[in-house]
Amino acid sequence: MKKGVMARPLPEPSPAGDAARAGHLLAAARRSDTSGCPCSRIPGGLRGPPPPQPPSPRPGDQNAGAGPRGPLGVVVRPRGARSARPLPSGRRQLLARAAPPAELRLPRTLASVSRRRGLGRSPVQPTGQRGPRLLAMGPLSARLLMQRGRPKSDRLGKIRSLDLSGLKLLSEHLDPKLLSRLTQLQELDLSNNQLETLPANLGLAHLRILRCANNQLGDVTALCQFPQLEELSLEGNPFLTVSDNLKVSFLLPKLRKVNGKDASSTCSQVENLNRELTSRVTAHWEKFKATLSPEEEAEKAQADFVKSAVRDVRYGPESLSEFTQWRVRMISEELVASGGTQVREAGTPERPPKATAAKEPRARPVAKKRPDDVSVNRCPNKRACTSSDCVEGSPPGSDGSQPAPDLEPLHFLQCHSKNNSPRDLETQLWACAFEPAWEEGHEGATSQTVATCGGEAVCVIDCQTGIVLHKYKAPGEEFFSVAWTALTVVTQAGHKKRWSVLAAAGLRGLVRLLHVRAGFCCGVIRAHKKAIATLCFSPTHETHLFTASYDKRIILWDLGVPNHDYEFRASQLLTLDTTSIPLRLCPVASCPDAYLLAGCEGGLCCWDVRLDQPQKRRGCEVEFLFPEGDGSEAAGRRVDGLAFVNEDVVASKGNGLGTIYLWSWSQTWGGRGKQSTLAVVVLARLQWSATKLAYFSLSTCPDEGIVLCGDEEGNVWVYDVRHLLTQPPPLPAAPQAPTQILKWPQPWALGQMVTKTMVNTVVANPTFTYLTALTDSNIVAIWRRQ
């Protein structure tokens, strides 16, 4: 691979050549065998993704979901775009989900994504072109309705199904007087028009199915006039947000499907949000009443209360603030209208009662086992969790260890399913990362948004509510790693703003840069010819990204600052050669600009990554040696878990069975001299599972002194190591037991039948408020500390 900036995309590698080179990677393969079992193990106890063979290009597949390539190998494809003929280099368009006629095809910039935040809702007209309003048809007529209605009749009152799609209709063309004559209408198709809103008095009281895909709708509150609605399609309306999806679920109590998907999980999320918001508004009312004086006018006081509630009551992520403020206003108005008496819980419309367990998480449920389901207990290597307790904690020891934190199972989500199938219990989930709290200087600021990856999807989840805020899918991809950064961009008005960027990579060797707020992929870098095992951003340079690949290379990229159109110009800064496949990357905490640690199949290595050095391609600087292995040379040297506990202490896993090592970077590096190999200075050992299986990643919570790791039985091992970090030497020689082990909940606790699984990754947010675990059985588990 050439150094520096790639002037053009690399050609696709030969499938035959890759197949010939795949043999030596079988020892590192992390995928099931030919039996089809997701948790099957190949000889040597390894598991996970297959030997990284980039798939052959498929017709119409531009890098699995990426858009047209521009210069420098960066591929741009905005949200909602589908495969199309290549656009000219440098051009960026949002392709409609169902393309309108050529004369109506309007370019759409990122500015229009923000129109719901202050800009007009009307489509931006290109200079010198006539807008679509000039092409729209005239008002509807009774004759047209009878022509397009079913069954055929000369009376509007007998029509039950009406197709008005593709007529270039504007909102004002929907005449309530005419449509209200459709007294028996049950199905209405308004797709592929130019509707910006729906009239509020259409009078279709019996409507059960409504299709409004590919319009310009910017608001959904008018849907409340259809209380019998069961199926709704809103795809292809670019101005609708996650908050609008929640509003739809609240307004339509009988809704069963939205955009072809089951609406029950969203209904459950809305009920949880409403319950919490009602509680908070009621508490705010009590505080507000205490500040009122007797002579204050009741009407003015009530108006002030509504304003203060909308201003002060907060819950959930910022991306849901439109929905939460909308509901807070409704709840507070209902409260003052009732004279301050208790409002109906959550103010939710009546819904059919559902049987739920007392502690069943109110999140998207995992598929319940049906008689014709294939058994999930197919792998002999998975052992069932026999404990009936969801959480098992160790009592505080005499060694000064802290009592176990009280962690409550909160959500269990199945959001990475292939084809959105609830029966998918095979997609393996590999990596997750919490979005950094960029406003950490503010008191109480914390991150509760986590990105997860596995299969062909990357999801961004709010841990508090369990709502999937964004979901990005790349057909043909299998994502192995995600990492966050925050970039400073300059708007067209000259203002600086910060926005989060999520990098995701996997089997195809591509790095996708996801604009999370806008909800689309704004750039793709052709980073490697083989699969990318892991990636991480530099903690000091927000645009510097390390990628580690199965081609035995680690590359440092500079993404650059995106321009007004959010286009990246990535350049290659360094190439680091490894002798084995790199599995984990970790910049040294005390000097992140100088040294990079990498846990590899062949051991733990360190590179000098200072950019003021002349060499742009470098070999391993130092290899670290651990005191013992398990008798197997490969398994004894592999490091598949790596993280800093603080600026000096490193936690690593993989060299010894059943052991996590805590060792000192400064003491180890201080004895280097000119040696190319160093024995690590071990401070302590932590007891872990004695499994021979690999690729269970560990993580740390430096501010809390916590080490976390999953195992092959669905357990989460929690270690509070603060007493070890402060205890003077010599430290205990025996491995330290975990502070707590979170057991995999029994089927009755989850409402489903996954009794055996493997926890591949466990990550907590910086304040250890939320803990997220990813499994081999397509389940994202979230715990909350009480």
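Select Ile-706 in strand S34 first: Asp-720 in S35 stands opposite Ile-706. Strands here are DSSP runs of E with at least two residues, helices are runs of H or I with at least four, and both are numbered from the N terminus. The model is predicted; local features need pLDDT of at least 70, side-chain atom pairs count only at pLDDT 80 or more, and totals for chains, interfaces and linings use all residues. Residues are numbered from 1 along each chain as its sequence is written, and side-chain values use heavy atoms, with hydrogens and water left out.

**Strand S34 and its partners**

Extend the selection to residues 706-710. Five of the five residues of S34 are buried, so the strand is largely enclosed by the rest of the structure. Buried means under 20% relative accessible area, exposed over 50%, and partly exposed in between, with a 1.4 Å probe and protein chains only. Ile-706, Leu-708 and Gly-710 lie on one side of S34, Val-707 and Cys-709 on the other.

Add strand S35 (residues 716-720), which runs antiparallel to S34 and is joined to it by five bridges. Two strands pair if DSSP finds at least two bridges between them. Five residues separate S34 from S35 in their hairpin, where Gly-714 has a positive phi near 85°.

Then add strand S33 (residues 698-701), antiparallel to S34 through four bridges. Thr-700 is opposite Val-707. This hairpin has four residues between the strands, and Gly-705 takes a positive phi near 65°.

**An open sheet**

Next, show the five strands of the mixed open sheet, ordered S19-S20-S21-S22-S26. Its edge strands, S19 (532-537) and S26 (617-618), each pair on one side only. Inspect S21 (residues 553-558) and S22 (residues 571-577), antiparallel with six bridges; Arg-553 stands opposite Asp-577.

**Two helices**

Move to H4 (residues 242-251) and H7 (residues 321-337). They pack at about 40°, with axes 8 Å apart; axes are lines fitted to C-alpha atoms, for helices over the stretch in contact, and angles run from 0 to 180 degrees between N-to-C directions. Among the H4 residues that meet H7 are Leu-246 and Phe-250, and the H7 side includes Phe-323 and Trp-326. Contact means heavy atoms within 4.5 Å.

**Confidence**

Finally, colour by pLDDT, the predictor's confidence in each residue from 0 to 100. The mean for the protein is 75, and 69% of residues reach 70 or more. Confidence is lowest in strand S1 (residues 74-77), with a mean of 39, and highest in S20 (residues 544-549), at 97.
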